[in-house]
Amino acid sequence: MTVWTPDLAAHPGPRYRAIADALANDIAGGRLSAGTRLPTHRDLAYRLGVTVGTVTRAYAEAERRGLIGGEVGRGTFVLGSQPLPHPDPLAWHRPPEASAINMTVITPKQSGAEKAIAATLAAIAASGSAEHLISYAPHAGLPAHRTAAVQWMARQHRVETTPESVLLTTGAQNGMAVAISALARAGDVILAERMTNYGMKALAASLDLHLEGVALDAHGLVPDALDAACRRLAPKALYIVPTLQNPTATIMPQERRMEIAAICRRHGVTIIEDDVFGFLVRDPLPIHRIAPDITVYMTSLSKSMSAGLRVGYVVAPPALTTRIEAVIRALMYSAPPLVGEVAARWIQDGTADRLADAQRSEGIARQAIARAILPPAVVSGHPAAQHLWMTLPEPWRREDFLAESRRRGVIVTGADVFAVGRNPAPHGVRIGLCQPNSRDEAARGLHLLADVLSTPATATLSIV
């Protein structure tokens with residue numbers, strides 16, 4: 001049997017892209033048929049005289065184009081001469097039917113923010129000194145806003161830093177974008193939990209990065225799997241949500257956080273720590289406290305106060321501050337100072353703490369409702385989270401459960417949305433507990449989900 005070896009001389013440009021281009025040409029020309037097994041990363045690297053990382057990036061690029069697919073334990077195979085149709089990445093997030101109970105998003109319940117914003121804007125207008133809030137601000141944010149950020153993160157997230165290390169962004173998603181753009185370039189490898197925040201998946205795709213999933217267990221990222229991935233792929237960064245992980249709502253123990261930090265330090269990997277849920281629990285400490293020199297820490301006010309208050313805080317090591325500030329300038333010049341002023345005033349006058357306390361109480365109350373309604377065996381995650389993870393019992397399959405739940409009037413998010421690459425997604429769903437307008441509405445949605453679970457799954461199973 002002839003082993004496929006690409007002709008790189010016919011394809012100029014970076015080696016990884018040349019391999020992907022050669023693969024595309026050979027498929028289109030009929031020299032590779034659907035189902036053909038491709039060489040392993042190591043074998044092809046040896047044949048071409050390139051690094052294993054180059055082949056990994058090449059296969060990732062070909063997979064992104066829909067040309068090849070991997071099967072765990074079997075290898076990498078040609079899918080066909082035509083790329084797979086590209087799915088709508090936001091289809092799961094589209095507005096549902098008006099009558100449906102939507103539980104797809106992790107969002108805080110409005111608990112006084114709408115009244116507070118009106119009073120704060122009136123106070124800003126009456127102050128007579130708002131000109132600096134409608135002018136260009138420094139790229140990293142106004143000094144007073146950075147100082148307020150330090151106070152907030154110390155009180156609510158147990159982060160110790162200085163105003164000079166803080167940069168303002170327009171929420172956590174923007175914080176992720178500026179951090180990853182400062183650390184990586186197209187084709188670079190970024191590690192993440194095997195199931196991760198969809199925002200990072202979308203960001204990696206838009207920046208042409210290779211996002212590689214690392215195994216999870218009940219305590220979060222598995223250290224041995226991380227160490228192996230670092231040795232095999234030489235990643236630029238690790239993106240991680242150690243507190244109330246999205247989507248599983250688990251909390252990584254302190255000892256494991258120390259292990260993760262030690263592994264990343266040993267391999268020269270920068271950690272991007274997403275701590276948007278950190279205000280909901282008091283311990284353990286963020287990874288930033290363990291390894292501040294290799295951690296880009298970020299959080300936002302969207303979960304603790306209001307989803308529409310697009311204020312994020314990035315804490316960068318001194319070696320990266322200037323680079324991240326340059327990316328902020330390139331992407332948006334600076335975060336809008338008006339919303340930064342609202343956030344700073346709320347932090348200073350206690351409004352922010354009251355809103356965060358209300359979110360904690362609401363999340364705990366809705367978790368209690370969920371755990372009283374859903375079978376205990378299927379529910380996992382921390383009881384202070386704004387979301388929970390539900391593992392579907394046999395013989396339920398994810399797509400059948402989602403379809404039947406929607407038919408009955410409640411919408412949740414399937415595990416496939418969070419699965420990284422072609423890692424097989426488990427048969428589970430994430431439930432956003434605080435999205436419904438009231439606890440009663442949340443309870444109705446949860447009862448509908450419980451009813452679906454109690455339905456004989458064979459009545460709705462997909463035929464495959």
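How far is the sulfur of Cys264 from the closest cysteine sulfur, and in which residue does that sulfur lie? The points below take up this question first and then the sheet.

1. The sulfur of Cys264 lies 5.4 Å from the closest cysteine sulfur, that of Cys230, which is too far for a bond. A disulfide is counted here when two cysteine sulfur atoms are within 2.5 Å, and the whole structure contains zero disulfides.

2. Both cysteines can be described by their accessibility. Cys230 is buried, at a relative accessible area of 5%, and Cys264 is buried too, at 0%. Buried denotes under 20% relative accessible area, exposed over 50%, and partly exposed in between, with a 1.4 Å probe and protein chains only.

3. The model is predicted: local features need pLDDT of at least 70 and side-chain atom pairs count only at pLDDT 80 or more, while totals for chains, interfaces and linings use all residues. Residues are numbered from 1 along each chain as its sequence is written, and side-chain values use heavy atoms, without hydrogens or water.

4. An open sheet of seven strands has the order 4-12-11-10-9-5-6, with mixed pairing. Strands (E, at least two residues) and helices (H or I, at least four) are DSSP runs numbered from the N terminus, and two strands pair if DSSP finds at least two bridges between them. Strand 4 (166-169) and strand 6 (210-214) are at the edges; each has a single partner strand, so one side of each lacks a neighbour in the sheet.

5. Strand 11 (residues 295-300) and strand 12 (residues 312-315) run antiparallel and are joined by four bridges. Thr299 has Tyr313 of strand 12 as its bridge partner.
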